[in-house]
Every structure is written in C-alpha cells, then in structure tokens.
2 protein chains.
Amino acid sequence: MRRVSIEDIARQAQVSHSTVSRALRGNKRISLAVRTQILQIATELGYTPNAIAQSLQQRQTNTIGLVVADVADPFWGEVVKGVEAVSMHNQKALFLSASQYEPSRQLAVIEVFHQRRVDGIIVGDSQLGDAQITRLARIKVPTVFLNSQADHAYPGFHAVGIDNYAGGVLAAQHLWALGHRQVAYLGSTKRPASNHLRGLGFADTLRGYGLPTSAIMTHHSPSLAEDLRIGYELASTLDFTQVTALFCYNDSIALGALTYCRSVGIAVPQQLSIVGFDDVAMAQFSMPALTTIAQPKVALGETAMHLLLAVLAGQPTIDTILTPTLVVRQSSAPAPKGTAQ
Amino acid sequence: MRRVSIEDIARQAQVSHSTVSRALRGNKRISLAVRTQILQIATELGYTPNAIAQSLQQRQTNTIGLVVADVADPFWGEVVKGVEAVSMHNQKALFLSASQYEPSRQLAVIEVFHQRRVDGIIVGDSQLGDAQITRLARIKVPTVFLNSQADHAYPGFHAVGIDNYAGGVLAAQHLWALGHRQVAYLGSTKRPASNHLRGLGFADTLRGYGLPTSAIMTHHSPSLAEDLRIGYELASTLDFTQVTALFCYNDSIALGALTYCRSVGIAVPQQLSIVGFDDVAMAQFSMPALTTIAQPKVALGETAMHLLLAVLAGQPTIDTILTPTLVVRQSSAPAPKGTAQ
DNA sequence: CTGAAAGCGCTTACAG
DNA sequence: CTGAAAGCGCTTACAG
C-alpha cells in the first residue's frame with residue numbers, strides 16, 4: 001500500500017522526477033504542456049506531497065509546538081484558539097501538549113518538540129528554572145513565553161503577556177472607590193508569578209491609599225483541584241465580618257467563591273463585592289454577572305504566534321505586554337454602610 | 001548553525017554512522033565499549049535524534065491529527081485533554097486544528113494532516129458529506145470519528161460517541177417523574193445529529209408516556225453565537241405559562257437559559273426545571289447547581305485515542321458508544337401545583 | 001561486532 | 001526547457 005510519489009508521476013508522464021517536482025511547485029521553466037500534463041496525472045493518481053520529505057530536505061517543518069498547563073482551562077482554551085487561528089492561517093501545523101503545571105514536563109515536552117524539529121515553540125505558564133533554560137538555550141529553538149510564571153525574565157528569549165500588576169491596581173482602584181476598606185485576595189498557587197503580581201498590584205495600591213496591611217488578607221490553597229472548587233473552598237474559610245470585598249486570581253476562582261456565598265446566604269454585591277480576572281465567557285452569565293479584569297485572551301494567543309512568526313522570519317521584534325481592562329458588572333457595589341472608615 | 005547528526009558523532013568516535021545509529025537504538029550487537037563511548041559523545045554534543053528523518057525512513061511519523069470544531073468549547077476542552085493524555089503516554093505527538101463547524105474546513109484540515117503523514121486522525125463533530133468521505137477513503141488514513149454529526153454512519157470508518165438518544169430518554173424520564181407535562185427542548189443547530197437524537201429520545205419517551213406532541217416544544221437558534229448566549233436568547237422567547245421544564249442540548253445552553261430566568265425573576269426550580277447535558281465543570285457551581293445528563297468527557301477522548309491506537313496496531317476493534325448518566329442536582333424539582341394533568 | 005550500500009520522498013544547483 | 005546527481009538524516013538488510 002505504498003503512497004503515490006513524484007516518482008510514480010514521473011514514470012507515467014515519461015519525464016524525470018526533477019521535472020515533476022518543478023512542475024508541482026509551479027516552476028515557470030517547465031513548459032506549459034508538460035506542466036499541465038503532470039498536474040493532471042497528479043490529480044488522477046490522488047497525489048499528496050509528502051511534507052515529511054520536504055521538511056527533511058528543506059530543514060524546515062512549518063510546524064509549531066504549543067505547551068500549555070491545562071487544555072481544559074477556560075482561559076487557555078481561548079488563548080489556544082488564537083494561537084491555532086494564526087498558525088493555521090500561516091500554514092503552520094500546531095502540536096499541542098499539556099504540562100499539568102509540572103516544570104519537568106514542560107521541558108520534556110519541549111524536548112519532544114525539538115526532536116520533531118518544530119520551527120518554533122510557544123510555552124504557556126512557563127515555570128522553567130535556570131537549568132532547564134540552559135538546556136533550552138542549547139537547543140536553540142525560537143521560543144516565546146506566554147504569560148511566564150518564572151520569577152524573573154528569561155534573557156535571550158521572547159515573551160508576551162499581560163500586565164498582571166496593572167490588573168491588580170485596577171481591581172484595587174475600583175474597590176477602593178466603592179468604599180471597601182476590608183478586603184481579601186484569593187490567589188492561585190499553581191501560577192506563582194502572575195499570582196504574585198496581581199496580589200502585589202492590588203495590595204500596593206490599597207496601601208498607597210492608606211489602607212493598613214492588616215486590612216488586606218491573602219488566601220491561597222495548596223490544592224491542585226480545579227479553580228472553581230478552590231474558589232469555593234477558599235471562600236468557605238473567610239470571616240465575612242472582616243471582609244467586604246474579594247479580588248480573585250481569576251474568574252473561575254471568583255465564580256467558585258460566588259457560589260459559596262450564595263449557598264450560605266451572603267448577598268453579592270450588597271454584602272460582599274467580588275472581582276475576578278480574565279473575563280471568560282461565563283463571567284457575563286453568572287448571577288450576578290461578574291465584575292472582572294479582562295484579558296484579551298484570543299489576542300494574547302494571536303500576538304504570541306505573530307511574535308514567533310516574526311522571529312522565524314528574522315525580523316526585529318519586541319516583547320509585548322498587553323494591558324488588562326476593568327469590566328464593571330453586577331458583582332461589585334458600594335461597601336455596606338458602617339464598614340467604611 | 002547545523003544541528004548535530006549521527007554523522008558528527010561517527011566522526012568523533014571514528015566509526016561509521018551505521019554503528020552510531022545502532023548504538024543509539026540500543027542494538028546489542030554493538031560492543032559495550034563503543035556503545036558507551038558513542039552514547040557519551042552524543043550527550044556531550046547535545047545530540048537529539050531527528051524525528052523527521054526517522055519518520056521518512058520508517059514511513060511512520062508517530063503523529064496523530066485531531067480536528068475539533070472549537071477548542072474553547074468547555075466540553076471539547078475536556079475531550080481534548082483525554083486525547084492528549086493518551087497520545088502523550090504512547091509517545092504520539094498531537095496535531096490540533098479547529099474547523100469552526102465548517103465541513104469544508106474539516107476536510108481541508110484532514111488533507112493537511114495527510115500531507116504531514118499523520119499515522120491516524122480523530123475528527124470531532126464530523127459533518128463530512130459523501131463526497132468528502134469518498135476523498136477520505138481514498139487517502140486511507142486510519143480515522144476515528146468522535147461524536148459524529150453526520151446523519152448516517154460512515155461505513156468503513158471507526159467511531160466512538162455517546163448514546164445521545166438514551167440521554168434524551170433519561171432527561172424525559174426524570175422530568176416526567178417530577179410531574180412535568182409541558183416541556184421544551186432547547187436545541188443546537190451547529191450539531192445536527194446529536195441535537196436530533198437528544199431531542200428525539202426526549203420527545204419519543206414523553207410521547208410514549210402519553211404526552212401530546214403539542215406539549216413538547218422545540219426551539220432552535222440559527223445563530224452561530226456562543227452557546228451561553230444562545231441559551232439566554234432562546235429562553236427569552238419562551239412563554240413561561242406554557243412550560244414547566246426545559247431540556248437543553250448542553251450545559252452551556254442550559255446555563256444561559258438559567259441566567260435569563262433569574263434575570264426576569266423566574267424561580268428555578270420552583271417555577272421551572274432545567275436539565276442540561278455534558279456535566280461540564282461549571283454545572284456544579286451554578287445556582288442552583290445544574291441537573292444534567294453527564295458524559296464521560298475525558299474518557300470519550302481517551303477511548304477514541306485507544307481505538308485509534310488499536311487500529312494502528314492492526315488489532316481488531318469495535319466502535320464504542322458510551323452511555324450517559326443522569327446527575328440530579330438542584331435545577332430540577334416537582335412541577336408547580338396545578339400544572340400536572 | 002562493524003561497514004558499505006541502498007533507500008525513504010523530496011528539492012535544487014549544475015550542466016546541457 | 002529538462003535531466004542526472006547530490007544530499008537532507010536517518011535505518012537496516014546484506015556482507016564480512
């Protein structure tokens with residue numbers, strides 16, 4: 001059951017396989033007559049070029065590798081969508097692999113991608129450490145980091161991300177303006193860097209307004225459960241006489257917290273305001289609809305892919321930090337009377 | 001910037017590249033001495049085998065292509081997760097592409113996968129027509145259909161899916177037992193086959209109980225918007241004096257409908273019961289939590305991949321239809337007084 | 001135990 | 001305008 005190759009076409013057309021190759025690639029030096037003949041035989045035979053052979057010969061596979069921590073995460077689903085769209089549009093095939101938030105698996109996936117000689121790699125939520133980065137540098141595959149979770153930048157590599165700190169600032173400004181003076185941040189342990197920055201932007205800003213650090217609580221769960229559940233459980237540990245507003249690492253955590261509150265009769269936003277992050281599809285459909293710090297998710301994926309394409313094309317590039325925006329919906333409202341200082 | 005090849009290793013080790021190849025693959029006919037020496041040089045040089053060259057030579061790429069309609073769909077996110085896990089575990093790399101519910105793009109993606117000589121393909125929500133199937137048959141790539149949306153089976157191909165009709169039956173039984181006698185089905189135009197079967201199982205069962213067809217409404221939206229919005233909009237067209245229960249194509253549509261109901265003050269489940277399909281993560285966290293027909297989403301993906309692996313291994317296989325289960329939560333309750341016949 | 005040779009399916013510089 | 005040759009980086013049957 002051999003597949004048909006240019007050799008087969010050549011035989012039928014009584015020409016050399018070189019000529020077939022040229023005709024197929026639209027080389028104008030082949031006479032129109034033989035070119036059309038070859039094209040016709042090719043369709044008759046149901047010929048499909050072998051991209052593997054082309055890749056080997058051209059030392060370029062037109063293939064991109066994408067590694068994300070979790071494919072089923074609603075945020076990453078949108079990001080992958082953006083990456084895939086641009087990838088497809090530029091005739092690059094996309095390899096997808098999940099790393100489950102494990103740094104060792106991130107590198108393992110990258111090694112596999114390299115074996116397959118992908119032209120470039122996009123890694124989401126990178127937690128690669130120095131040793132792993134050294135190895136990556138040695139591999140010399142153009143790489144762009146998407147929302148890196150490393151504690152420092154990776155010199156020599158490209159990155160696109162969101163301004164997490166600015167997002168935290170936005171949440172703080174919003175909640176402060178509504179009169180909230182006792183707040184909590186529900187964070188995510190799985191994503192150390194963005195978690196830290198969101199919480200920091202939030203706390204710094206409130207402290208800047210004069211709020212004592214003691215009025216800003218921070219809660220993290222070591223659990224590896226899904227975010228909705230983490231949000232629910234974190235909320236259940238809260239002392240609601242001490243907080244009037246919650247800022248959550250992301251919408252899933254916020255939605256989980258919201259569900260807990262409703263289940264125990266805490267009115268949102270009358271008694272408690274909740275602000276999420278990401279603006280996933282569900283944020284518009286919760287009751288109340290979620291106030292959130294929106295990330296341009298699809299654009300983030302598109303931007304990362306465009307950056308990578310530019311790198312591959314040898315063009316000069318600059319890293320991109322997109323800016324989040326505040327989307328006010330119904331889960332946030334003025335602090336309940338008597339709580340403001 | 002050439003990468004290091006077995007040729008480079010051979011030169012350093014003063015042996016032929018054949019010997020290097022053998023040593024690297026653990027061929028026991030190579031003496032231990034030279035084998036260790038070669039292995040060491042390989043690591044020193046940072047050698048990574050070129051899978052492209054191996055693929056060409058072995059006429060097998062250890063690569064699988066997966067085409068789904070929408071990566072960001074919460075149901076498919078879970079399914080992809082299952083496919084990816086099994087794929088990774090069996091050292092197959094996974095190509096991912098989105099078809100946006102367009103049959104022409106499904107085939108286009110398949111053609112690209114074939115060019116790249118994937119060993120097998122999994123296509124989700126297939127809407128391939130006869131002409132396209134003819135082409136696919138000609139390509140002769142082992143293919144398994146995951147939740148096919150074609151109106152008839154594809155003879156000669158493999159399939160795994162859920163028993164949609166049985167799911168509709170489950171919903172009907174549940175709602176009937178609760179005393180509902182005026183119901184509506186909120187369907188999905190984007191997935192014709194499963195939509196039809198879910199609605200049919202639902203309606204057949206109720207008719208079997210003696211409910212007149214006029215008491216079973218069906219609503220579809222031609223919109224290509226996201227499911228949450230479709231559910232919201234479909235719900236807004238309902239005459240709630242004529243329905244006490246809703247069965248929705250999936251959880252997203254159900255969640256959208258639920259949001260609409262809450263926004264206009266219709267109490268769920270007191271005035272209206274809602275049953276979804278899929279049991280996505282969010283179903284447990286809506287208020288009220290959603291009663292739904294659960295699909296084993298990750299298992300569906302895993303099963304499809306296992307089936308494909310069996311086909312590739314030349315083992316005998318049988319198509320699999322998984323059975324959905326009813327998960328009762330808080331969005332369904334006895335029909336309000338006075339509505340039962 | 002090891003090497004020389006052929007070949008996987010292409011592309012392209014070099015001749016003619 | 002077309003062909004013969006080399007080569008991309010491997011694997012493996014055939015000799016020795």
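Here, Ala, Val, Leu, Ile, Met, Phe, Trp, Tyr, Cys and Pro count as nonpolar, Asp, Glu, Lys and Arg as charged, and the others, Gly among them, as polar. By that scheme, the surface near DNA strand D (heavy atoms within 4 Å) divides into 7 nonpolar, 14 polar and 5 charged residues. Welcome to a predicted model, in which local features need pLDDT of at least 70 and side-chain atom pairs count only at pLDDT 80 or more, while totals for chains, interfaces and linings use all residues. Residues are numbered from 1 along each chain as its sequence is written, chains are lettered from A and ligands numbered from 1 in written order, and side-chain values use heavy atoms, leaving out hydrogens and water.

**Around DNA strand D**
- Of the 26 residues around the strand, those that come nearest are A:Thr19, A:Arg22, A:Gln57, B:Ser21 and B:Arg22.
- Helices α2 (17-24) and α4 (51-58) of chain A, and α2 (17-24) and α4 (51-58) of chain B, each supply at least two residues of this surface; helices here are DSSP runs (H or I, at least four residues), numbered from the N terminus.

**Atom by atom**
- A polar side-chain atom of A:Gln57 sits 2.7 Å from a base nitrogen of DNA strand D.
- For B:Ser21, a polar side-chain atom lies 2.3 Å from a phosphate oxygen of DNA strand D.

**Inside the protein**
- The largest nonpolar core (buried Ala, Val, Leu, Ile, Met, Phe, Trp, Tyr and Cys residues joined through side-chain atoms within 4.5 Å; buried means under 20% relative accessible area, 1.4 Å probe, protein chains only) has 89 residues.
- A second, separate core of 52 residues includes A:Leu322, B:Val71, B:Phe75 and B:Ile162.

Definitions and conventions:
A polar contact is a pair of N or O atoms within 3.5 Å; within protein, one must be able to donate a hydrogen and the other to accept it, and residues adjacent in sequence count only if both atoms are side-chain atoms. Buried means under 20% relative accessible area, exposed over 50%, partly exposed in between (1.4 Å probe, protein chains only).
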